[in-house]
Amino acid sequence: MITGSVPASMSLCQSLSALDLSHNRLTGTLDTGLGRLCLLSRVDVSFNGLDHFAELSSGSPALPCPVTGETSANPTFPAAVSIDLSSNKSSGTCPKGGQLALHQARQLQFLDLSNNSFTGDLPSLAPPDGESSRLRIVSLGVNQFSGGINATGAFPADSGLQTLDLRSNLLVG
């Protein structure tokens, strides 16, 4: 059982492709620079006590990937296929303004933010103009999201989304 915060030194593991810290007693903020790891394809920090996911709400500055040499304007989990942040203690809007900083995660297929205490409008999961989303499974259930289900254009009609979990929120229409 790991306790305490996620150490910032983890962001130095440039060859890391999978990170599973689930079912521990991690607390604090996930803002360690993990989003800059350009090969990290699977992130699971579910079932902890993390109260904020800064990596999702603000883009990191453009930095070249030390492994591939590619530079991204917003290198937030650029290679991620699966991100599971469920069952933590995160609250507040998700994120401020409703736009997740995952639009550079072009490979992302699975996103789980369920069982937290996020509030406000549903976050926009729409990719940048002209791009198609690879997201297939999104779980935002058991939070406190409110407002209209597609008021923010969060789920474009032409998406390939196969499973969308919005249960136990405060949504209308």
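## Salt bridges

Let's start with a charged pair: the side chains of arginine 42 and aspartate 20 come together in a salt bridge, at 3.6 Å from N to O. This pair ties together distant parts of the chain, since arginine 42 sits in strand E4 (residues 42–44), aspartate 20 sits in strand E2 (residues 18–20), and the two are 22 residues apart. Keep in mind as you look around that this is a predicted model.

Arginine 42 also forms a salt bridge with aspartate 44, where the closest N and O atoms are 3.9 Å apart. Put these together and you get a network of salt bridges linking Asp20, Arg42 and Asp44. How exposed are the members? Arginine 42 has 34% relative accessibility, so it counts as partly exposed. Aspartate 20 is partly exposed too, at 42%. Aspartate 44, on the other hand, has a relative accessible area of 11%, which means it is buried.

The structure holds three salt bridges in total. Another of them joins arginine 167 and aspartate 165, with the closest N and O atoms 3.0 Å apart. Here, arginine 167 is partly exposed, with a relative accessible area of 46%, while aspartate 165 is buried at 17%.

## A buried aspartate with no salt bridge

Now have a look at aspartate 112, which is found in strand E8 (residues 110–112). Which side chain of opposite charge is nearest to aspartate 112, and how far away is it? The nearest one is arginine 167, at 6.9 Å. A salt bridge needs the nitrogen and the oxygen within 4 Å, and aspartate 112 has no salt bridge although it is buried.

So what does aspartate 112 touch, once residues up to four places away in sequence are not counted? Its contacts are Ile83, Asp84, Leu85, Ser86 and Ser139.

## Valine 138 and its surroundings

Valine 138 belongs to strand E10 (residues 137–139). Is this valine buried or exposed? Its relative accessibility is 0%, so valine 138 counts as buried.

In sequence, valine 138 and aspartate 112 are 26 residues apart, but in space their C-alpha atoms are 5.8 Å apart. If you leave aside neighbours within four places in sequence, valine 138 is in contact with Leu111, Leu125, Leu161, Thr163, Leu164 and Asp165. You've already met one of those: Asp165 is the salt-bridge partner of arginine 167.

## A three-stranded sheet

Next up is an open sheet of three strands, in the order E1-E3-E5, with parallel pairing. Strand E1 (3–4) and strand E5 (49–52) are at the edges, and each has a single partner strand, so one side of each is left without a neighbour in the sheet.

What joins E3 to E5? Strand E3 (residues 25–29) runs parallel to E5, and three bridges join them. To find the spot in the model, look for glycine 28, which stands opposite leucine 50 in E5.

## A pair of rings

The structure holds one aromatic pair. The rings belong to phenylalanine 118 and phenylalanine 145, their centres are 6.2 Å apart and their planes are at 20°, so the pair counts as stacked. Planes under 30 degrees apart are what count as stacked.

Like the salt bridge between arginine 42 and aspartate 20, which links distant parts of the chain, this pair does so as well. Phenylalanine 118 lies in strand E9 (residues 117–120) and phenylalanine 145 in strand E11 (residues 144–148), 27 residues apart. Both phenylalanine 118 and phenylalanine 145 are buried.

How values were computed: Residues numbered from 1 in each chain as written. Predicted model: local features only at pLDDT ≥ 70, side-chain atom pairs only at ≥ 80, totals over all residues. Heavy atoms only, no water. Helix = DSSP H or I, 4+ residues; strand = E, 2+ residues; numbered from the N terminus. Buried < 20%, exposed > 50% of the residue type's maximum accessible area, 1.4 Å probe, protein only. Contact = heavy atoms within 4.5 Å. Pairing = 2+ DSSP bridges. Lys, Arg positive; Asp, Glu negative; His and termini not counted. Phe/Tyr/Trp six-rings, centres within 6.5 Å; stacked < 30°, edge-to-face > 60°.
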